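Me: Please take a close look at one part of this model and give a connected account of it, with the cut-offs behind each term.

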Amino acid sequence: MSAIAELQNLSKAKGRKAPAKDNKAAHIFLIPWTIGLFLVTLGPMAMSLYLAFTDYNLLQSPEFTGFDNIQRMLEDQRLHNSLRVTFIYVLVGVPLQLAVALGVAILLDRGMRGLSFYRSVFYLPSMLGSSVAIAVLWKQIFGTTGLVNQMLDLVGIQGIGWISDPNTSLGSLILLNVWTFGSPMVIFLAGLRQVPAMYYEAASIDGATKWRQFRSITLPMISPIIFFNLVLQIIGAFQNFTQAFIVSNGSGGPADSTMFFTLYLYQQGFKQFDMGYASAMAWLLVLIVGTFTAVNFFVSKYWVFYDD
Amino acid sequence: MTNQTSLPQSEDLGQAGQGHVLDEEKMLEGKLPAGGTDARGRRVKGHRPKVRTPFRSIVKHALLIVAAGVMIYPLLWMVASSFRPNDLIFREAGLVISQVDWNNYPNGWDALSEPFSKYLLNSAILVLGCIVGNLVSCSMAAYAFARLEFKFKKIMFVLMLMTIMLPIHVIIVPQYVMFSQIGWVNTFWPIIVPKLLATDGFFIFLMIQFIRGIPKDMDEAARIDGAGHPRIFLQVILPLMVPALATTAIFTFIWTWSDFFTSLIYLTNPSNYTVQVALNAFIDSTGESNWGALFAMSIVTLIPVFLAFLFGQKYLVKGIATTGIK
């Protein structure tokens with residue numbers, strides 16, 4: 001069961017008191033985790049919440065400024081643009097990636113020859129994908145003289161500078177995200193394997209077409225997996241940084257077209273050392289990701305089916 | 001293949017005659033009678049009836065091979081380009097190297113203030129530290145969550161699951177402030193120490209899932225023999241959870257090696273650069289005119305990940321399928 005299903009179940013099942021008996025041993029085993037939780041996670045979160053209401057440049061001590069940072073965020077056009085860029089990336093990139101992942105997973109259904117070979121080839125990019133080298137590669141192949149344009153040249157099409165054109169730069173990053181469809185695909189493959197074959201059997205006796213079977217059996221049966229992938233990929237996509245950074249040399253260009261929210265946050269925090277503003281931005285990100293996840297969980301009641 | 005279904009006989013036979021199923025499929029289906037039917041002639045769960053003519057199968061494989069080619073082509077092209085002289089790289093879209101230039105690798109290797117081996121070493125130290133940290137701390141936490149009953153377990157468990165989904169950006173600023181105040185910026189500690197403190201909830205969750213699959217009789221027997229929890233953990237559970245530990249080690253390897261964001265923030269001194277930051281510095285210093293060397297060093301940074309992928313694939317697939325981490 002996935003982490004997300006686990007969370008859903010926890011909210012459902014209540015009561016059942018734990019017969020607290022291993023307290024001492026548990027505390028010892030949880031020493032590193034507990035220290036980490038307070039020192040590396042919760043403590044910094046609290047501090048970040050405080051910093052969000054301050055002006056802080058790391059050299060002088062933080063100065064409390066109330067809602068100034070929030071006011072500033074409301075007026076900051078570049079921030080609005082970075083949100084727009086990030087939303088487009090998430091709302092277009094994630095569904096595309098998941099659609100490809102599901103499509104290929106269905107093609108790779110069980111018992112087919114060469115399954116593990118195909119799976120490796122499709123999975124590899126998602127393992128390499130987050131590294132700088134791949135972003136470097138992407139930047140070059142979608143450049144003016146890059147591989148893509150050379151290919152287009154062969155069929156007589158005059159290509160453009162995909163990365164240097166603000167209209168297409170974000171698109172090429174979305175494509176990079178689609179290219180890394182391997183890990184959701186592996187999850188889909190595992191999910192498809194769980195669908196009882198007798199359902200398809202019964203459906204084909206009733207004369208259901210393949211498409212009908214897909215819609216009425218496969219989709220509902222793997223809806224928890226789709227939901228899981230959706231939640232995870234959305235959270236991940238909101239945090240994309242490396243690719244935008246490398247492709248634009250850290251500038252978010254051209255014309256801020258690849259200025260992802262996290263990249264803007266990095267610039268504010270670690271280039272301008274405007275730590276207060278960066279903290280406020282970080283909380284906005286948490287709020288947005290949290291809202292997306294919550295809405296996802298809420299909407300899931302209407303389309304995710306659990307067998308049990 | 002007996003009395004059932006409206007499936008045309010010939011296609012059904014085609015399915016049965018297909019024979020070659022791969023490892024996992026064999027495990028899943030090998031036990032089943034031919035054709036995947038049980039004694040009463042019904043289809044057995046886990047074996048989907050397939051309407052597949054040879055023609056369909058050929059089309060499917062053709063489609064998949066083309067897709068696989070498209071997926072992998074950019075990588076192969078980068079490898080080929082790393083052996084090409086600069087003026088040819090963006091004129092040759094194919095994989096045939098018409099003129100081999102071996103100099104890209106030595107040029108790239110020494111292009112920055114330190115030789116690339118220094119950055120590889122830095123990355124290796126970091127990776128090793130993070131692997132040890134994750135293995136020790138996450139396995140301890142996982143044991144507690146999976147096998148012990150204690151106060152506030154549920155709320156702690158929920159907190160742990162939440163950390164998996166928490167954007168790192170909300171803690172990176174205060175963490176940076178904290179680590180810079182104790183003088184840890186430009187050391188590896190800000191990256192390794194959190195791993196020693198089990199902050200990677202993914203791996204705790206992965207290990208919990210794994211431990212839950214180990215029969216409880218094992219540790220109960222040990223307990224009857226008088227073993228305490230430390231002993232049960234070390235001598236019963238840990239040896240049995242080696243696959244989960246391997247998965248953790250491999251994922252930690254790949255993620256830490258590929259990490260750019262945190263090393264960009266903490267490691268600003270060139271002698272501390274990891275390979276990822278070095279590659280970024282390479283772009284800045286050469287203004288990207290030296291593509292051959294840039295590609296060559298890109299390949300150098302990808303090789304360890306590729307090898308980890310190659311040898312750890314079994315674990316990666318399992319890990320990803322059970323927890324959905326990526």
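What share of the contacts in chain B with a separation of 6 or more comes from residues 24 or more positions apart?

Reply: The share is 67%: that much of the contacts in chain B with a separation of 6 or more comes from residues 24 or more positions apart, a contact being heavy atoms within 4.5 Å. This is a predicted model, in which local features need pLDDT of at least 70 and side-chain atom pairs count only at pLDDT 80 or more, while totals for chains, interfaces and linings use all residues. Residues are numbered from 1 along each chain as its sequence is written, chains are lettered from A and ligands numbered from 1 in the order in which they are written, and side-chain values use heavy atoms, with hydrogens and water left out.

Chain B consists of 326 residues, 54% of them buried (under 20% relative accessible area; exposed is over 50% and partly exposed lies in between, with a 1.4 Å probe and protein chains only). It has 16 helices and zero strands, both taken as DSSP runs numbered from the N terminus (helices H or I, at least four residues; strands E, at least two).

Helix α12 of chain B, residues 229-240, shows how the packing runs across chains. Its buried residues are H229(B), I232(B), F233(B), V236(B), I237(B) and L238(B). An α-helix has 3.6 residues a turn, so residues three or four places apart point the same way. The cover over the buried residues of α12(B) includes α6 (116-147), α10 (201-212), α11 (216-224) and α13 (242-258) of chain B, together with α2 (23-29) of chain A.

Two of those covering helices are also joined by a salt bridge (a side-chain nitrogen of Lys or Arg within 4 Å of a carboxyl oxygen of Asp or Glu). D219(B) and R147(B) form this pair, with their closest N and O atoms 2.7 Å apart. D219(B) sits in α11 and R147(B) in α6 of chain B, 72 residues apart, so the pair links distant parts of the chain. D219(B) is buried at a relative accessible area of 4%, and R147(B) is buried too, at 9%. Another salt bridge in chain B joins D87(B) and R91(B) at 4.0 Å, N to O; here R91(B) is exposed, with a relative accessible area of 60%.

Next comes the interface. Chain B puts 117 residues into the contact and chain A puts in 110. Together they bury about 10,400 Å², 73% of it on carbon and sulfur atoms (accessible area, 1.4 Å probe, lost by two parts on being put together and summed over both). Helix α16 of chain B, residues 291-323, supplies the largest share of the side of chain B that touches chain A, with 16 residues. By class, that side has 73 nonpolar, 26 polar and 18 charged residues (nonpolar: Ala, Val, Leu, Ile, Met, Phe, Trp, Tyr, Cys and Pro; charged: Asp, Glu, Lys and Arg; polar: the others, Gly among them). Zero salt bridges are found across this interface.

The largest nonpolar core (buried Ala, Val, Leu, Ile, Met, Phe, Trp, Tyr and Cys residues joined through side-chain atoms within 4.5 Å) has 194 residues, and those with the most contacts inside it include F145(B), I204(B) and L108(A). Helix α6(B) gives the most to this core, 15 residues. Leaving out residues up to four places away in sequence, L108(A) touches L64(B) as well as L115(A), Y118(A), R119(A), F122(A), M185(A) and L189(A).
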